[in-house]
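Colleague: I am new to reading structures, and I would like a close look at one part of this one. Please choose a strand and its surroundings, and walk me through them slowly.

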Amino acid sequence: QVQLVESGGGLVQPGGSLRLACAASGFIFDDYAMGWFRQAPGKERDFVAAISRSGGNTLYATFVKGRFTISRDNAKNVLYLQMDSLKSEDTAVYCCAADEYMKSTSNWRSWGQGTQVTVSS
């Protein structure tokens with residue numbers, strides 16, 4: 001079955017960087033677009049970034065553009081999110097998702113459990 005397992009979260013100071021990874025299994029990775037979403041306590045899930053099957057097209061939420069970079073390694077079945085210039089408001093649980101279509105809405109087919117990112121001094 002489809003499995004998406006995130007890693008790389010943790011505590012980082014404002015202005016710092018983290019690289020999240022999402023290991024995928026149970027499906028043909030490069031047949032699916034991949035995305036990252038986040039959810040802060042008491043808030044709705046927000047779209048962060050998405051990447052097409054080949055990695056040739058990307059889509060970002062306005063609030064992360066220029067700071068975060070989504071990428072994928074189809075040979076290793078791994079999705080990445082490089083997060084730079086982190087701010088306290090980036091604190092959230094970050095989840096990866098898979099679907100046939102790249103989109104900024106939250107109706108993706110499969111989801112991981114998430115990894116906690118905390119930005120604090």
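Modeller: Let's start with a word we will need throughout: a residue counts as buried when its relative accessible area is under 20%, as exposed when that area is over 50%, and as partly exposed in between. Keep in mind too that this is a predicted model.

Try the cut-offs on a pair of charged residues. Arginine 109 has a relative accessible area of 56%, so it is exposed. Its salt-bridge partner is glutamate 100, with 3.0 Å between the closest N and O atoms. Glutamate 100 has a relative accessibility of 24%, so it is partly exposed. Elsewhere, salt bridges with shared partners tie Arg38, Arg67 and Asp90 into one network.

That network leads us to our region, strand β8 and what lies around it. Aspartate 90 sits in the loop between β8 and β9. Its relative accessible area is 0%, so it is buried. In one salt bridge of the network, the side chain of aspartate 90 meets that of arginine 38 at 2.8 Å, N to O. This pair connects distant parts of the chain, since arginine 38 belongs to strand β4 and the two residues are 52 apart. Arginine 38 is buried as well as aspartate 90. The side chain of aspartate 90 also has a polar atom 2.8 Å from the backbone nitrogen of lysine 87. Beyond its sequence neighbours up to four places away, aspartate 90 touches Arg38, Arg67, Phe68, Ser85, Val117 and Val119. The whole structure holds four salt bridges. Another of them joins aspartate 99 to lysine 103 at 3.2 Å, and both of those residues are buried.

Now for the strand itself. β8 covers residues 78-83, and five of its six residues are buried, so the rest of the structure largely encloses it. Where does β8 sit in its sheet? The sheet is open, with four strands in the order β1-β3-β8-β7 and antiparallel pairing. β1 and β7 are the edge strands: each has a single partner, so one side of each lacks a neighbour in the sheet. From one strand to the next, the twist averages 15°.

Look first at the β3 side. β3, residues 18-25, runs antiparallel to β8, and six bridges join the two. You can follow individual pairs: alanine 21 is bridged to tyrosine 80, and cysteine 22 to leucine 79.

On the other side is β7, residues 68-73, which also pairs with β8 in the antiparallel sense over six bridges. Among the partners here, phenylalanine 68 is matched with methionine 83, and isoleucine 70 with leucine 81. β7 and β8 form a hairpin with four residues between the strands, where asparagine 77 takes a positive phi near 60°.

β7 is a good place to see a pattern. In a regular strand, side chains take turns between the two faces of the sheet. Along β7, Phe68, Ile70 and Arg72 point to one face and are buried, whereas Thr69, Ser71 and Asp73 point to the other and are not.

Ile70 also takes us to a residue in another strand. Threonine 58, in strand β6, has Ile70 among its contacts, along with Ala50, Ile51 and Met102, once neighbours within four places are set aside. Although threonine 58 and methionine 102 are 44 residues apart in sequence, their C-alpha atoms are 8.5 Å apart. Threonine 58 has a relative accessible area of 40%, so it is partly exposed.

Finally, cross to the opposite edge of the sheet. Valine 5 is in strand β1. At 47% relative accessible area, valine 5 is partly exposed. Its contacts, leaving aside neighbours within four places, are Ala21, Cys22 and Ala23. Two of these names are familiar: alanine 21 is the bridge partner of tyrosine 80, and cysteine 22 that of leucine 79. From valine 5 you can therefore step to β3 residues, and from β3 on to β8 through their six bridges.

Conventions:
Residues are numbered from 1 along each chain as its sequence is written. This is a predicted model: local features need pLDDT of at least 70, side-chain atom pairs count only at pLDDT 80 or more; totals for chains, interfaces and linings use all residues. Side-chain values use heavy atoms; hydrogens and water are left out. Buried means under 20% relative accessible area, exposed over 50%, partly exposed in between (1.4 Å probe, protein chains only). Contact means heavy atoms within 4.5 Å. Two strands pair if DSSP finds at least two bridges between them. Axes are lines fitted to C-alpha atoms, for helices over the stretch in contact, and angles run from 0 to 180 degrees between N-to-C directions. A polar contact is a pair of N or O atoms within 3.5 Å; within protein, one must be able to donate a hydrogen and the other to accept it, and residues adjacent in sequence count only if both atoms are side-chain atoms.
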